[in-house]
Amino acid sequence: MIMNTIVSLRGVSVSYSSSVAIDSASLDIYQDDFIGIIGPNGGGKTTLIKAILGMVSYSGEIVYAPELYRGSERGVGYLPQQSNFDRAFPISVIEVVMSGLQGEKGFWRRYTRSERQKAIQLLESVGIAAVADKQIGEISGGQMQRALLCRAIISEPKLLILDEPTNFVDNNFENELYTLLHELNSRMAIVMVSHDIGTITSTVKSIVCVNKTVHRHDSNIITQEQLDNYHCPIQIVSHGHIPHTVLAHHDGDGCKCGHHK
């Protein structure tokens, strides 16, 4: 494992009953990575990150660099597609955020004033500081997802894993989210699953195509031919000269693909 590799997968396979979800995946994640994971529904994107997180059984080898740990606690933040919090549970938004510190503090230690202030600052950064003291049953799904993002990063992990983070995010916050992720990437590696290829290609540094097999592409520009070679059945539509071009622009002055106005 080279100096700046924080996670290394070698020949990792995951099966559910008789169905193979991931087949002999090898992948290195580096300390300054911002990876976008793309692939078809059912192709194994979520299974891959769950294997990295140790949430599913696998064959093969996953090695974590020593610098990823704080004592026995692995420094990985995780934002799942959907919250597993019971919205009826009597806990406030700020308590959800601070619960991200339990791994290093232990369950019974009280939170300090500075930790509470850090939680407030994070909630401000995602635009929901006003609901900090509300019970989680009183906030929207989008607000809950933002709170869980704050929970994932409050401990300053070395690796942040996001599974479809914009699923419950409104359009107004989506640009702010990507700006925040760029800032976070200056101090942590980020792995983000997304179905929105056009948007993530203007955000990430590298692309990993997952369709049972796993292929890393060390660029944020990927062509339809490369996807076909990776057996990744996704169609990319070029939007001409605008910033998130992922294929060569159309001939002529404008895009005539008929997919946008």
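## Cysteines

In this predicted model, the count of disulfides comes to zero, where a disulfide would need a pair of cysteine sulfur atoms within 2.5 Å. Two of the cysteines can be described by their surroundings: Cys-150 is buried, with a relative accessible area of 1%, and Cys-209 is likewise buried, with a relative accessible area of 2%.

## The open sheet

Six strands form an open sheet with mixed pairing, and their order across the sheet is β7-β8-β9-β3-β10-β11. The edges are held by β7, which covers residues 76-79, and by β11, which covers residues 213-217, and each of these pairs on one side only. Between neighbouring strands of this sheet the average turn is 15 degrees, with direction ignored.

Within the sheet, strand β8 (residues 159-163) and strand β9 (residues 189-193) run parallel and are joined by five bridges. At one position along this pair, Leu-160 stands opposite Ile-190 of β9.

## Helices on the sheet

Helix α5 lies across β7 and β8, and its direction runs at about 170 degrees to that of β7. Helix α6, made of residues 171-184, also packs on the sheet, where it touches β3 (34-38), β8 and β9, and its direction makes about 145 degrees with that of β9.

## Nonpolar cores

Which residues touch the most other members of the largest nonpolar core? In this core of 47 residues, they are Leu-160 and Leu-181. The element that gives the most to this core is helix α5 (residues 141-153), which supplies seven residues.

Once neighbours within four places in sequence are left aside, the contacts of Leu-181 are Phe-34, Leu-160, Leu-162, Ile-190 and Met-192. Leu-160 and Ile-190, which stand opposite each other in the sheet, are thus both found among the contacts of Leu-181. Apart from the largest core lies another, of 29 residues, and its members include Leu-9, Ala-51, Val-56 and Leu-159.

## Helix α1

Helix α1 spans residues 45-53 and is mostly covered, with seven of its nine residues buried. These buried residues are Lys-45, Thr-47, Leu-48, Ile-49, Ala-51, Ile-52 and Leu-53, and one of them, Ala-51, also belongs to the core of 29 residues. The helix is followed by Gly-54, which has a positive phi, near 75 degrees.

Notes:
Residues numbered from 1 in each chain as written. Predicted model: local features only at pLDDT ≥ 70, side-chain atom pairs only at ≥ 80, totals over all residues. Heavy atoms only, no water. Buried < 20%, exposed > 50% of the residue type's maximum accessible area, 1.4 Å probe, protein only. Helix = DSSP H or I, 4+ residues; strand = E, 2+ residues; numbered from the N terminus. Core = buried A, V, L, I, M, F, W, Y, C linked by side-chain atoms within 4.5 Å. Contact = heavy atoms within 4.5 Å. Pairing = 2+ DSSP bridges. Axes fitted to C-alpha atoms, helices over the stretch in contact; angles between N-to-C directions.
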